[in-house]
Amino acid sequence: MSGIRALARRLELSIGTVSRALNGRPDVNPATRDRVLNAAREMGYRPNQSGRALRHGRTSTVGLVMETGNPSTLGGDSFFMWLVDALQEELAVAGLDLVILPCHSADDPIAFLERQVARRAVDALIISATRRQDARIAYLAGSDTPFVALGRSETPGDYAWIDLDFETVARESVERLAALGHRRIAVAVPQGDANLAHLYLRGYRAAVAALGLPDDPALVLRTSASENGGVEVAQAILAMDPRPTAVMLGHEMMAIGLYSTLERAGLRPGADLSVVGFRQNPQLGFLSPSLACFRLDLGELGRALGRSVVDVLASPAGLKPGRLIWPMGFEPGPSMEPPPL
C-alpha cells in the first residue's frame, strides 16, 4: 500500500496539500482535490486511521458493548443481529462506523470499559442489559466518553437512553388475561439484577393490584432468559396446587422450553395454560399454537438508537440528553384463551 509521500511525489504536490485534500479541507482547490482523490484510488492509498484519530481527536467509530455470556445470546437470540443491521445503516449516514466490543462472562465489565476508554478507539459507546443499579453507567457518566444506554437504570446521572416499555407490556398482558376470566396469573422474569425484570414485575404487580387479583409471591418465577428457563417455569407451574391458568413470559425465548414441557405433560398451551410472551420473535414463528406477544420493529429501534448516538456526539455540553420509552403493540395469538372449565 502506497503512502502519502509517494502520492505527493506522483502529483508533484506538497504533503500538506495532499493531506488537506484527503481530509476535505475547504482551502484546497476543487480541481486539485479531485486529482488527489483520483490518484489515491488508483494507487490504493488508505489513510492511517490511528494517526488520523490522534491528529483529529476522533475515530468516526462507535462501539457497541455486548455481554456475550447472556443466556439469551448464548441461546441464539437474534435480537442484536436485527438491531445492529439498522443501527449500522443509520450511523453510516453520519459517516460513522460500528464495531462490536464483546465483553465475555469472565471479564469485569468496569475493567472492560476502562480499557476501551483508555484506548480511545471509539468516539462513543452503546451499552445494553442495564442493571437497576449499574456501575457501568456510573463510570461512563463520570468519564468524558459519550455513551447511550439501551435500557433504563436507577443509577443517577445525565445520560441518553432508549428502553422498551416493559411496564405497559406487563400491565396490558394482565388486563387482557383478566378480561378472558383468568385470576391466578403467573409471571416469569429473567433472574439477576437486570432492570427490565424489575420494570416488568412493577407493571405486573400494578395491574394485579388494580384488578384485585391474587398477589401470591409463589406466582413470581425467576429463571434464565432462555429455552431452559422456560422448562423450569413449566416444571414449577406443574408442581403448583392450585395451578395458575395463565403465565406471562418476561423473555420470549422461554416459550420454547415451556411449550415442549407442557406437551410432554399432555397439556396444550392456550387450551390448558394461557401463555403471553414478551416480544414477537421470528425464531418462534413455528410454535404451535402461535404465541400471543407484542410487536417490536427492531429496524426502527436500531435507527432510533443510531440517531441518539449521533445526537450525543453533536450535542454541546450541558444539553439535556434524549430519553425515549419505546412502545410495543399487542399481537393476539391462540396461546391465549379463556381459562379451562
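Which residue just after α12 takes a positive phi? Keep that in mind as we walk through the chain; we will get there at the fourth stop.

**Before you start**

This is a predicted model, in which local features need pLDDT of at least 70 and side-chain atom pairs count only at pLDDT 80 or more, while totals for chains, interfaces and linings use all residues. Residues are numbered from 1 along each chain as its sequence is written, and side-chain values use heavy atoms, with hydrogens and water left out.

**Stop 1: the whole chain**

Show the full chain as a cartoon. You should find 13 helices and 12 strands; these are DSSP runs numbered from the N terminus, with helices being H or I of at least four residues and strands E of at least two. Along the principal axes, the C-alpha atoms fill a box of roughly 90 × 40 × 35 Å. The radius of gyration is 25 Å, where a compact globule of 341 residues would have one near 20 Å (taken over C-alpha atoms, the globule rule being 2.2 Å times the number of residues to the power 0.38).

Now colour by accessibility. Of the 341 residues, 48% count as buried (under 20% relative accessible area, with exposed over 50% and partly exposed in between, using a 1.4 Å probe and protein chains only). Among contacts between residues at least 6 apart in sequence, 69% join residues at least 24 apart; contact means heavy atoms within 4.5 Å.

**Stop 2: helices α9 and α10**

Select residues 166-179 for α9 and 195-211 for α10. Their axes come within 7 Å and cross at roughly 35° (lines fitted to C-alpha atoms over the stretch in contact, with angles from 0 to 180 degrees between N-to-C directions). The crossing is right-handed, that is, the near helix is turned clockwise from the far one by less than a right angle. Show side chains for the contact: on α9 they include F166, V169, A170 and V174, and on α10 they include L196, L199, Y204 and L211. By class, this contact has 12 nonpolar, 1 polar and 4 charged residues (Ala, Val, Leu, Ile, Met, Phe, Trp, Tyr, Cys and Pro are nonpolar, Asp, Glu, Lys and Arg charged, and the others, Gly among them, polar).

**Stop 3: S173**

Stay on α9 and pick S173. S173 counts as buried because its relative accessibility is 1%. Leaving aside neighbours within four places in sequence, S173 is in contact with M248, V276 and F294.

**Stop 4: helix α12**

Next, select residues 254-264, helix α12, where the buried residues are M254, A255, G257, L258, Y259, T261 and L262. They pack against β6 (185-190), β7 (220-223), α11 (227-238), β8 (246-249) and β9. Step just past the helix and you have the reply to the opening question: G266 takes a positive phi of about 80°.

**Stop 5: P289**

Move to the loop between β9 (274-279) and β10 (292-295), where you will find P289. P289 counts as buried because its relative accessibility is 7%. Not counting residues up to four places away in sequence, P289 touches Y259, R268, P269, P334 and S335. For a distance label, try P289 to D144: their C-alpha atoms are separated by 50 Å.

**Stop 6: A292**

Finish in strand β10 with A292. A292 is buried, with a relative accessible area of 0%. Beyond residues up to four places away in sequence, A292 touches V275, V276, G277, F330, E331, P332, G333, S335 and M336.
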